[in-house]
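Here's a quick tour of a small-molecule site and a few of the residues to look out for. Have the sequence and the 3D view open as you read.

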Amino acid sequence: MYTTAIIIGAGHAGLAMNRCLATHAIDHVVLERGKVANSWKTERWDSLRLLTSSGS
Ligand SMILES: Cc1cc2nc3c(=O)[nH]c(=O)nc-3n(C[C@H](O)[C@H](O)[C@H](O)COP(=O)(O)OP(=O)(O)OC[C@H]3O[C@@H](n4cnc5c(N)ncnc54)[C@H](O)[C@@H]3O)c2cc1C
């Protein structure tokens, strides 16, 4: 199998990169050791909310 890029981890950084590469039609695969957003689902508090620099 040939691919241009491999993303390790389907956390939000990996998913954001997935979106960017897809937008630019760059072929890639995402490798995740668990499930999508694994650490958010299994290693964070249930109260986790996404913090961004947008201020809203
Ligand atoms: C205790 C705690 C509480 C937090 N609370 C908040 C909060 O309330 N709000 C907020 O915005 N942020 C919070 N954060 C920060 C937030 O969790 C991180 O900034 C964010 O998850 C980082 O995203 P990431 O994609 O870089 O990494 P991660 O979300 O950690 O994603 C990495 C992914 O890579 C996978 N992975 C790792 N190694 C491999 C491998 N060898 N092969 C394949 N897959 C692999 C993991 O399973 C995981 O899915 C918290 C962090 C911690 C530690």
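## Starting with His-28

His-28 counts as buried, because its relative accessibility is 19% and the cut-off for buried is under 20%. Keep in mind that this is a predicted model. From His-28 we'll move on to the ligand, then to a salt bridge, and then to a couple of exposed residues.

**More on His-28**

- You'll find His-28 in strand 2.
- The side chain of His-28 makes a polar contact with the side chain of Asn-18, at 2.6 Å.
- If you skip the neighbours within four places in sequence, His-28 is in contact with Thr-3, Ala-5, Ile-7, Asn-18, Leu-21 and Ala-22.

**Around the ligand**

- There are 18 residues around the ligand, and the ones that come nearest are Glu-32, Trp-40, Arg-44, Arg-49 and Leu-51.
- Sorted by class, that shell is made up of 9 nonpolar, 5 polar and 4 charged residues.
- Which helices each supply at least two residues of the shell? They are helix 1, covering 12–23, and helix 2, covering 38–42.
- Helix 2 gives the most to the shell, with 3 residues.

**Polar atoms facing the ligand**

- Glu-32 has a side-chain N or O atom 2.6 Å from an oxygen atom of the ligand.
- Trp-40 also puts a polar side-chain atom 2.6 Å from a ligand oxygen.
- For Arg-33, a polar side-chain atom sits 2.8 Å from an oxygen atom of the ligand.
- How much of the ligand does the protein bury? On its own the ligand exposes 1000 Å², and the protein buries 63% of that.

**The salt bridge**

- Side chains of opposite charge can pair when their charged atoms come close.
- This structure holds 1 salt bridge.
- The partners are Arg-33 and Glu-43, whose side chains meet at 3.4 Å, N to O.
- The pair links distant parts of the chain, 10 residues apart: Arg-33 is in the loop between strand 2 (28–31) and helix 2, while Glu-43 is in the segment after helix 2.
- Are the two partners buried or exposed? Arg-33 counts as exposed, with 73% relative accessibility, whereas Glu-43 counts as partly exposed, at 44%.
- So Arg-33 turns up twice in this briefing: its side chain has a polar atom 2.8 Å from a ligand oxygen, and it also meets Glu-43 in the salt bridge.

**Lys-41, in helix 2**

- Lys-41 is part of helix 2.
- Lys-41 counts as exposed because its relative accessibility is 60%, and exposed means over 50%.
- Try finding Gly-11 as well: 30 residues separate Gly-11 and Lys-41 along the chain, yet their C-alpha atoms are 9.9 Å apart.

**Leu-50, after helix 2**

- Leu-50 lies in the segment after helix 2.
- With 53% relative accessibility, Leu-50 counts as exposed.
- What does Leu-50 touch, not counting residues up to four places away in sequence? The answer is His-12 and Trp-40.
- Leu-50 and His-12 are 38 residues apart in sequence, and their C-alpha atoms are 9.8 Å apart in space.
- You've already met Trp-40, one of the residues that come nearest to the ligand.

Definitions and conventions
Residues are numbered from 1 along each chain as its sequence is written. This is a predicted model: local features need pLDDT of at least 70, side-chain atom pairs count only at pLDDT 80 or more; totals for chains, interfaces and linings use all residues. Side-chain values use heavy atoms; hydrogens and water are left out. A residue is near a molecule or strand if one of its heavy atoms lies within 4 Å of it. A polar contact is a pair of N or O atoms within 3.5 Å; within protein, one must be able to donate a hydrogen and the other to accept it, and residues adjacent in sequence count only if both atoms are side-chain atoms. Accessible areas come from the Shrake-Rupley method with a 1.4 Å probe; for residues, only the protein chains shown count as cover. Helices (H or I, at least four residues) and strands (E, at least two) are DSSP runs, numbered from the N terminus. Ala, Val, Leu, Ile, Met, Phe, Trp, Tyr, Cys and Pro count as nonpolar, Asp, Glu, Lys and Arg as charged, and the others, Gly among them, as polar. A salt bridge is a side-chain nitrogen of Lys or Arg within 4 Å of a carboxyl oxygen of Asp or Glu. Buried means under 20% relative accessible area, exposed over 50%, partly exposed in between (1.4 Å probe, protein chains only). Contact means heavy atoms within 4.5 Å.
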